Every structure is written in C-alpha cells, then in structure tokens.
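Colleague: I'd like to learn how to read a model like this one, feature by feature. Could you walk me through it?

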Amino acid sequence: MVFKVYYQEDPKNVPVREHTQTIYVEGESEREVRDKIKDFPYNIEYVEAVTGAYYEYEKKNKEDFNVLELG
C-alpha cells in the first residue's frame with residue numbers, strides 16, 4: 001500500500017501550510033511508514049493511505065509522484 005506523508009523539512013519550526021511538502025512511501029500500515037521515516041530530519045504532520053481513485057489521481061497528476069521503497 002502507498003501512503004502520502006505530509007511533512008516540514010525543519011523539525012524545529014512550527015508547521016506552516018505553505019511550506020508543507022509530501023513524499024510517497026510504500027508500507028503495510030501507517031505505523032510501518034512512520035518507522036521507516038523516523039530517521040529522516042522531518043517534522044511529520046500527517047500520514048494517509050493513497051488507494052483506489054485517489055491513487056490513480058495522484059499518480060497521473062502529480063509530477064513529483066515517486067514512491068519510496070524503504071527497507
């Protein structure tokens with residue numbers, strides 16, 4: 001399953017919507033995805049599953065759509 005992770009690059013700053021970035025990570029659950037990216041220097045705002053029509057939309061319309069397959 002693919003999850004969309006919303007994050008801020010600087011974990012020391014307060015989240016600002018205009019600075020929110022996203023990455024796509026493959027995993028079995030939200031917890032697994034959070035474990036996979038825990039060593040990244042990010043302030044994680046939100047993690048959501050991307051499935052069905054939502055997945056197809058993101059894949060087709062997001063030029064930065066690239067799923068990270070982290071071990």
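Modeller: Happy to. Let's begin with strand pairing: strands of a sheet pair through backbone hydrogen bonds, either parallel or antiparallel. In this predicted model, E2 and strand E4 (residues 67–68) run parallel and are paired over two bridges. Within that pairing, Tyr24 stands opposite Val67 in E4.

Colleague: And how many bridges join strand E1 to strand E2, and in which sense do the two run?

Modeller: Strand E1 (residues 2–8) and strand E2 (residues 21–26) are antiparallel, with six bridges joining them. To follow the register, look at Val5, which stands opposite Ile23 in E2, and at Tyr7, whose bridge partner in E2 is Gln21.

Colleague: What is the order of the strands in the sheet?

Modeller: The order is E3-E1-E2-E4, an open sheet of four strands with mixed pairing. Strand E3 (43–50) and E4 each have a single partner strand, so they stand at the edges and one side of each lacks a neighbour in the sheet. As for packing, helix H2 (residues 52–61) lies across E1, E2 and E3, and runs at about 115 degrees to E3.

Colleague: Let's turn to the rings. How many aromatic pairs are there?

Modeller: The count comes to five aromatic pairs. Take Tyr7 and Tyr42: the ring centres are 3.9 Å apart and the planes stand at 25 degrees, so this pair is stacked. Tyr7 is in strand E1 while Tyr42 is in the loop between H1 and E3, so the pair ties together parts 35 residues apart in sequence. Tyr7 counts as buried because its relative accessibility is 4%, whereas Tyr42, at a relative accessible area of 22%, is partly exposed.

A tilted case is the aromatic pair of Tyr24 and Phe65, with 4.6 Å centre to centre and 50 degrees between the planes. This pair also links distant parts of the chain, with Tyr24 in strand E2 and Phe65 in the loop between H2 and E4, 41 residues apart. Both Tyr24 and Phe65 are buried.

Colleague: Which residues do ring pairs link into a cluster?

Modeller: The cluster consists of Tyr7, Phe40 and Tyr42, linked by ring pairs.

Colleague: Now for charges. How should I read the salt bridges?

Modeller: Side chains of opposite charge can pair when their charged atoms come close. A search of the whole structure turns up three salt bridges. One of them joins the side chains of Lys4 and Glu58, at 3.0 Å from N to O. Lys4 sits in strand E1 and Glu58 in helix H2, so to speak of sequence, 54 residues apart.

Colleague: Are Lys4 and Glu58 buried or exposed?

Modeller: Both Lys4 and Glu58 are buried. For contrast, look at helix H1, where Glu30 and Arg34 form a salt bridge at 3.0 Å, N to O. Those two residues are four apart, about one turn of the helix. Glu30 is partly exposed at 36% relative accessible area, and Arg34 is partly exposed at 34%.

Colleague: What does the side chain of Lys36 reach?

Modeller: Lys36 is placed in helix H1 (residues 30–36), and its side chain meets that of Glu32 in a salt bridge (3.3 Å, N to O). The Lys36 side chain also reaches the backbone oxygen of Glu26 at 2.8 Å, and one of its polar atoms lies 3.1 Å from the backbone oxygen of Leu70. Beyond neighbours within four places in sequence, Lys36 is in contact with Val25, Glu26, Gly27, Leu70 and Gly71.

Key
Residues numbered from 1 in each chain as written. Predicted model: local features only at pLDDT ≥ 70, side-chain atom pairs only at ≥ 80, totals over all residues. Heavy atoms only, no water. Pairing = 2+ DSSP bridges. Contact = heavy atoms within 4.5 Å. Axes fitted to C-alpha atoms, helices over the stretch in contact; angles between N-to-C directions. Polar contact = N/O pair within 3.5 Å; in protein donor to acceptor, adjacent residues only side chain to side chain. Phe/Tyr/Trp six-rings, centres within 6.5 Å; stacked < 30°, edge-to-face > 60°. Buried < 20%, exposed > 50% of the residue type's maximum accessible area, 1.4 Å probe, protein only. Salt bridge = Lys/Arg side-chain N within 4 Å of Asp/Glu carboxyl O.
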